[in-house]
Structures are given as C-alpha cells and as structure tokens.
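User: Hi! I'm new to reading protein models, could you walk me through this one?
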Amino acid sequence: MPSVVGLLEQQELAARRRVDGLREEADRIQAELAAAEEDWREWVITRRRIDTVLAPGNGACEPEAGANTQDTNTRSGPDDAAKPKSQVPMWCQGMTASVLSVDYQRIVQVLADRVRLGQGPLTCQEMASVFGMDVVPARVETLRSKAKRLVARSWLAEPMPGQFTLAQNVDRPGGGS
C-alpha cells in the first residue's frame with residue numbers, strides 16, 4: 001500500500017506541473033497581447049494623422065493650383081465609393097455621398113429627401129423607424145453615433161440637440177442645389 005506522504009508528493013508534483021504550464025501559456029498570451037496592442041496603437045496613430053490631414057482649414061479639400069477639373073470631379077466617382085465600415089471623410093466642395101459607406105449614404109439620402117420636401121430635421125428614433133429598424137436603444141445609439149460622425153465631418157447639421165438635417169453646404173443627392 002502506498003504511503004500517504006508519497007500520494008501527497010504525487011499530487012503536489014502534478015499541481016506544480018500544471019502551474020508551470022499555465023505560467024508558460026500566460027507568458028505566451030502576454031507577448032501576443034503586447035504585439036496586438038502595438039498594432040492597435042499604430043492604427044490609432046494612423047487614423048489620427050489622417051484626421052489631421054483631412055481636417056477643415058488645412059487645405060486638404062482644396063484642389064492644388066494647376067489641378068484640372070477632371071481630377072477634382074473624379075474625387076467622388078464610383079471607384080472611390082467607400083467600403084462598409086470605412087472612415088467618414090471630411091465633406092469637401094464637389095464631394096458626393098457616394099464616397100460614404102452604404103449606411104451613411106442612407107442617412108444622408110433620407111435627410112436630403114426631407115430637405116427637398118421642405119420637412120424638418122429627424123431624430124435618431126425617427127430615422128430608425130424610417131429605416132424599418134426596431135426602435136430600441138442599441139439601434140438608436142448606433143444611428144446617433146453615425147449621425148454625430150457625419151456632423152463632425154460637415155455632412156450633416158444638428159440644429160437642435162438630437163435632431164439632424166443635411167448641412168447647408170452638402171450637394172443634395174438626386175438633384176437640387
């Protein structure tokens with residue numbers, strides 16, 4: 001019959017091996033986490049630099065001296081249409097909603113239609129309803145976030161808190177000024 005001390009030593013050895021294995025796995029995960037955080041930081045820096053370049057007042061939206069009008073007009077062509085989940089560019093003269101992702105285009109289009117029909121601004125709850133979404137906080141907040149991003153990039157205006165309309169400078173999709 002094995003001794004009690006021998007059995008305890010076996011259990012202790014197994015527990016120590018398990019701890020050592022978990023520490024190795026934790027070290028590997030920590031190294032992977034550090035690499036992922038570094039990658040993330042680089043993307044944040046890149047986005048901030050792009051935001052700086054596209055910020056109003058730095059001349060990024062103005063055509064360069066000597067640039068022909070064809071170059072300016074191709075800026076918003078179908079080849080430049082934004083992909084889903086892409087950043088919202090700062091609005092510039094001559095830029096159309098086709099540079100926005102589909103979700104943002106829908107928001108701009110519904111607000112452009114309201115301006116064309118002489119109707120007032122929309123709340124995010126009303127937008128959710130217009131889009132056939134369930135009017136639940138998660139959906140409304142998603143729309144609010146997108147609308148606020150469009151306001152920050154000069155595509156929309158927010159005349160009163162929580163109410164959105166097309167910015168005065170934006171060309172109306174489907175005709176108009």
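Analyst: Happy to; we can go through the salt bridges and then the sheet. Before that, this is a predicted model, where local features need pLDDT of at least 70 and side-chain atom pairs count only at pLDDT 80 or more, while totals for chains, interfaces and linings use all residues. Residues are numbered from 1 along each chain as its sequence is written, and side-chain values use heavy atoms, with hydrogens and water left out.

User: Great. How many salt bridges does the structure hold?
Analyst: There are 8 salt bridges. A salt bridge here is a side-chain nitrogen of Lys or Arg within 4 Å of a carboxyl oxygen of Asp or Glu. In general, side chains of opposite charge can pair when their charged atoms come close.

User: Which residue does Arg 153 meet in a salt bridge?
Analyst: Arg 153 meets Asp 51, at 3.3 Å from N to O. The pair links distant parts of the chain, 102 residues apart: Asp 51 is in helix α1 (residues 4–54), and Arg 153 is in the loop between α5 (137–152) and β2 (156–160). Helices (H or I, at least four residues) and strands (E, at least two) are DSSP runs, numbered from the N terminus.

User: And is Arg 153 buried or exposed?
Analyst: Arg 153 counts as buried, at 15% relative accessibility. Asp 51 is partly exposed, at 27%. Buried means under 20% relative accessible area, exposed means over 50%, and partly exposed is in between (1.4 Å probe, protein chains only).

User: What about Lys 146, which partner does it have?
Analyst: Lys 146 forms a salt bridge with Asp 103, at 2.8 Å from N to O. Lys 146 lies in helix α5 and Asp 103 in helix α3 (residues 102–116), so this salt bridge ties together parts 43 residues apart in sequence. Lys 146 is buried at 17%, whereas Asp 103 is partly exposed at 36%.

User: Where do Asp 113 and Arg 116 lie?
Analyst: Both lie in helix α3, 3 residues apart, which is about one turn of the helix. Their salt bridge has its closest N and O atoms 3.2 Å apart. Arg 116 is exposed at 55%, while Asp 113 is partly exposed at 24%. There is also a network: salt bridges that share partners join Arg 47, Asp 51 and Arg 153.

User: New topic! In what order do the strands form the sheet?
Analyst: The 3 strands form an open sheet in the order β1-β3-β2, with antiparallel pairing. β1 (122–123) and β2 are the edge strands, each pairing on one side only. Two strands pair if DSSP finds at least two bridges between them.

User: How many bridges does each pairing have?
Analyst: β1 and β3 (residues 163–166) pair over 2 bridges, and β2 is joined to β3 by 3 bridges. In the β1 and β3 pairing, Leu 122 stands opposite Phe 164. On the β2 side, Met 160 has Gln 163 in β3 as its bridge partner.

User: What happens between β2 and β3?
Analyst: They make a hairpin with 2 residues between the strands, and Gly 162 takes a positive phi near 85° there.

User: Last one: which strands does α3 lie across?
Analyst: α3 lies across β1, β2 and β3, running at about 80° to β3. Helix α5 lies across β2 and β3, at about 105° to β2. For these angles, axes are lines fitted to C-alpha atoms, for helices over the stretch in contact (heavy atoms within 4.5 Å), and angles run from 0 to 180 degrees between N-to-C directions.
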